Amino acid sequence: MKIAVVGTGYVGLTTALLFAELGHDVLAIDIDEEKVKKINEGFCPIYEPGADELLKKHAGKNLKATKDYDIEDRDLIFICVGTPSREDGGMETKYLEEAARQIGRRLKRGSVVVVKSTVLPGTTEKLVVPIIEEESGLKRGEFGVAMNPEFLREGLAIYDTFHPDRIVIGELDKRSGDALEELYRPLKAPILRTSIKVAEMIKYASNAFLAMKISFANEIAILCEKLGIDVYEVMKGVGMDHRISPYFLNAGAGFGGSCFPKDVKALIYLAKKLGYEPKLLTGTLEINEYMPRHVVELAERELGSLKGMKIAILGLAFKPETDDIRETRALPIVKELLKRGARVIGYDPKAMENFKKLVPEIEYAKTAEEAISNADVVIIQADWEEFKNIDFDSFENLKLVVDGRRTARPKKVRYVAVGRGD
Ligand code: UDX
């Protein structure tokens, strides 16, 4: 099939790589000239394990990138542009609208437009389709429409895209649903066909539920600290119930990233607009906003005032195996530390340059060891593999390790972790 993918962020790029690997002819469209150039030269514009190899295999062959919407000969056009949070928590649709306008101008009769961007229920039918109709002069039915949410995790984007738990296909017309089912058949994943609005809501409800699981574990973690027990032991027992499952019950510094905070906020915004004050969703965010402060409070509980203390923060990305710093819990932790007059030294294997742009005022170390050897306290914010092998006991000046992700196990140095009451 001839496929176009609009937007080459995490979702767009991995989607393009998947279809290229399945043998289709893929055109990746992005407004960013630098990205287009990189992709065509076979260099991945994002850090994502496995993406480089796949890009090298297909770039210039059955995967080409361009700035132009040359979509006239495309059977399927996937919209994968970002829908970030607006100031008021609502969903920013300007990229989506622009993509729809551009697609509409060059769309041929019979092509299928698929929205893969995370969009609030109603957006595809009420916003995207009318723009395409207006620009193309075609009516829905003369072109196909589907909504196909993406559930990949950053850092595992390639694996998740090739091994999805399920494929959700929201369809306006049966022909579009059939085309997508055919496209995804080689993945042998369960396929759920629904209306467009249901597909849109499945994505938000899934993310909100996972975020809620994390905040739930964090709330229980605070209780466990007070009770002198370990939330990880508790959640091990809880997660053994197959109705609950053991995943996303790891207490810590809270959730960050490009999806959970933004999508929960957008769902709260939508609920309020619909006349309902959401309680679970609001609580999920409130607990998450508190957790970075809780991490800093753990250090204070152990050492008293942090004024003038040198504090190394390990892991600046929102989680390991990525250079993405969007909504990273490292930012509120650093802010809390600076507010208390601490001296902060940051280190991350991949995300240092990105974080530096956000917070130029702290110090940065070239290695984890360099950061720790200059510090009184270490706070672990993201559980990178390399942090697991650090011998914290070998650093003479180190007074305390505060573990936000259950990464370390020092024997001599004082150690506290979220949800570990002792
Ligand atoms: C998430 C969803 O998992 C994915 O399905 C969706 O498409 C996009 O959002 P991602 O943001 O890449 O993916 O990361 P994920 O691995 O889900 O982690 C999100 C955040 O939650 C991270 O900050 C992580 O550290 C935190 N987390 C995760 C916890 O604090 N505890 C857990 O048990 C799991």
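Let's begin at the ligand: the residues in the shell around it divide into nine nonpolar, four polar and six charged. Keep in mind as you look that this is a predicted model. In total, 19 residues surround the ligand, and the closest are Phe-151, Leu-152, Glu-154, Asn-250 and Lys-319.

Now zoom in on the oxygen atoms of the ligand. A backbone N or O atom of Leu-152 sits 2.9 Å from a ligand oxygen. For Phe-318, a polar backbone atom is 3.1 Å from an oxygen atom of the ligand. With Lys-319, the side chain takes part: one of its polar atoms lies 2.9 Å from a ligand oxygen. How much of the ligand does the protein bury? Taken alone, the ligand exposes 660 Å², and the protein buries 90% of that.

Next, ask which parts of the chain supply this shell. Helix α8, which covers residues 196-227, provides the largest share, with three residues. Zoom out further and you can follow the chain as domain 1 (2-194) and domain 2 (196-422), as the domain assignment gives them. Why does the ligand lie between these domains? Both domain 1 and domain 2 give residues to the shell, so the ligand lies between them.

The two domains also meet each other directly. Their C-alpha centres are 32 Å apart, and 35 residues of domain 1 are in contact with 27 residues of domain 2. The size of an interface is often given as the accessible area lost when the parts come together. Here domain 1 and domain 2 bury about 2500 Å² between them, with 61% of it on carbon and sulfur atoms. On the domain 1 side, Tyr-47, Pro-121 and Glu-154 lose the most area to domain 2, together 26% of what that side buries. You have met Glu-154 already, as one of the residues closest to the ligand.

Finally, take a look at a smaller element, helix α2, which spans residues 33-40. At its start, a side-chain oxygen of Asp-32 reaches to within 3.0 Å of the backbone nitrogen of Glu-34. After α2 comes Gly-42, whose phi is positive, near 85 degrees.

How values were computed
Residues are numbered from 1 along each chain as its sequence is written. This is a predicted model: local features need pLDDT of at least 70, side-chain atom pairs count only at pLDDT 80 or more; totals for chains, interfaces and linings use all residues. Side-chain values use heavy atoms; hydrogens and water are left out. A residue is near a molecule or strand if one of its heavy atoms lies within 4 Å of it. A polar contact is a pair of N or O atoms within 3.5 Å; within protein, one must be able to donate a hydrogen and the other to accept it, and residues adjacent in sequence count only if both atoms are side-chain atoms. Accessible areas come from the Shrake-Rupley method with a 1.4 Å probe; for residues, only the protein chains shown count as cover. Helices (H or I, at least four residues) and strands (E, at least two) are DSSP runs, numbered from the N terminus. Ala, Val, Leu, Ile, Met, Phe, Trp, Tyr, Cys and Pro count as nonpolar, Asp, Glu, Lys and Arg as charged, and the others, Gly among them, as polar. Domain bounds come from an automatic or database domain assignment. Contact means heavy atoms within 4.5 Å. Buried area is the accessible area (1.4 Å probe) that two parts lose on being put together, summed over both.
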